[in-house]
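I opened this entry to record what I looked up, chain by chain and then across the interface. Terms are explained where they first come up.

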Amino acid sequence: MMSVPSAIFFFLAFVSIFCGILVITSKNPVYSCLYLVITMFAIASNYVLLNAQFLAVVQIIVYAGAIMVLFLFTIMLLNLNSNSEVHKSLLFKFLGAIGGGSLLLIVVAAMKKSELSAAPMILPNTNQTGMIQNLGQVLFTEYVFPFEIISILIITALIGAVVLAKKDVKIIEETNPTH
Amino acid sequence: MFKDIFIDHYIYLSLVLFCIGIVGVLTRKNAIIIFMSVELMLNSVNLLLVAFSSMFADASGQVFVFFTMTVAAAEVAVGLAIIVMIYRNTRSIDIGDANKLKW
């Protein structure tokens, strides 16, 4: 029979895949965003199962809490309707599905030939690698240089986003003539 | 069904999510939905990295996921700013309309 962590993993896998398919096939972009939020929560639950607790919380805060909210704000700013998207022809959808499906087929075939570890994963995991103390230890000793570079990257992205999205003064004067 | 979960299950799950993301990028015309499919692909890779890190008890995998999440956040900020600018200029986020560079 199935053990409880195994059942939890299969339930989370089913939820992620089902909501992933709903993300790409929804007509309304807001629905796609919400399904993606559910998928991210399912992946965060997978992290908890693997005892990567810090990453689970960071996933919920950063991905589901900041990035998806940014997506929703942009969709509402652009005022997208559910019927404003012209769909690609059926041929292109078919070809796209074949493209993704062939990658799936190739990697599954490669997996059959490979000899992966025969030891079952320990779920829920008990090693302390995902705890924030151990993660912080590794992050600030071995990976301190990428850590500092990433802060520069975030500042660059922040400046870039503000510069890109700023309205031109010319456009403001064209739309609201004051003289 | 199964009593134990092997690393194969995580590989298959990550692979299916990645391929769903690929199909989403290839079949949709809305720029924001394409962006969301790319986020789905990034999430699938993060899941596989964490699974391997937990299998080998190596923290490097989870540190890499940390960096990937940060890069994804920066990319979403800049990418959505670009989409908003394109919308302001062409009034459409259909990627078929952003073809001014085509010869």
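**Contacts between the chains.** I count two residues as in contact if their C-beta atoms, placed from the backbone, lie within 7 Å. On that rule, 75 residues of chain A are in contact with 62 residues of chain B.

I then asked which elements of chain A supply at least two residues each of the side that touches chain B. They are α1 (4-25), α2, α3 (53-78), α4 (90-113), α5 (132-141) and α6. α3(A) gives the largest share, 12 residues. By class, that side of chain A holds 51 nonpolar, 21 polar and three charged residues. Here Ala, Val, Leu, Ile, Met, Phe, Trp, Tyr, Cys and Pro count as nonpolar, Asp, Glu, Lys and Arg as charged, and the others, Gly among them, as polar. Helices (H or I, at least four residues) and strands (E, at least two) are DSSP runs, numbered from the N terminus.

**Where the model comes from.** This is a predicted model, in which local features need pLDDT of at least 70, side-chain atom pairs count only at pLDDT 80 or more, and totals for chains, interfaces and linings use all residues. Residues are numbered from 1 along each chain as its sequence is written, while chains are lettered from A and ligands numbered from 1 in the order in which they are written.

**Confidence.** The model scores ipTM 0.92 and pTM 0.90. pLDDT is the predictor's confidence in each residue, from 0 to 100. Chain A averages 87, with 91% of its residues scoring at least 70. Among the elements of chain A, α7 (residues 169-175) has the lowest mean pLDDT, 63, and α2 (residues 29-49) the highest, 94. For chain B the mean is 90, and 99% of residues reach 70 or more. Its elements run from a lowest mean of 92 in α3(B) (residues 60-90) to a highest of 94 in α2(B) (residues 31-56).

**One helix pair across the interface.** I picked α6(A) (residues 144-165) and α3(B). How do they pack? Their angle is about 10 degrees, and their axes are 9 Å apart. Axes are lines fitted to C-alpha atoms, for helices over the stretch in contact, and angles run from 0 to 180 degrees between N-to-C directions. The two helices are therefore roughly parallel, a label for angles under 35 degrees. Residues making the contact include A:Ile150, A:Leu153, A:Ala157 and A:Leu164 on α6(A), and B:Phe67, B:Val71, B:Ala74 and B:Met85 on α3(B). This contact has 18 nonpolar, two polar and no charged residues.

**Chain A alone.** I find seven helices and zero strands. The C-alpha atoms of chain A fill a box of roughly 75 × 50 × 30 Å along the principal axes. Its radius of gyration is 22 Å, against near 16 Å for a compact globule of 179 residues. That radius is taken over C-alpha atoms, and the globule rule is 2.2 Å times the number of residues to the power 0.38. Of the 179 residues, 22% count as buried. Buried means 20 or more other C-beta atoms within 10 Å of the residue's own, with C-beta atoms placed from the backbone.

**Chain B alone.** Chain B has three helices and zero strands. Its box is roughly 55 × 30 × 25 Å. The radius of gyration is 18 Å, where a compact globule of 103 residues would have one near 13 Å. Buried residues make up 49% of chain B.

Notes. Parallel < 35°, antiparallel > 145°, perpendicular 65-115°, else oblique. Buried ≥ 20, exposed ≤ 12 C-beta atoms within 10 Å, placed from the backbone.
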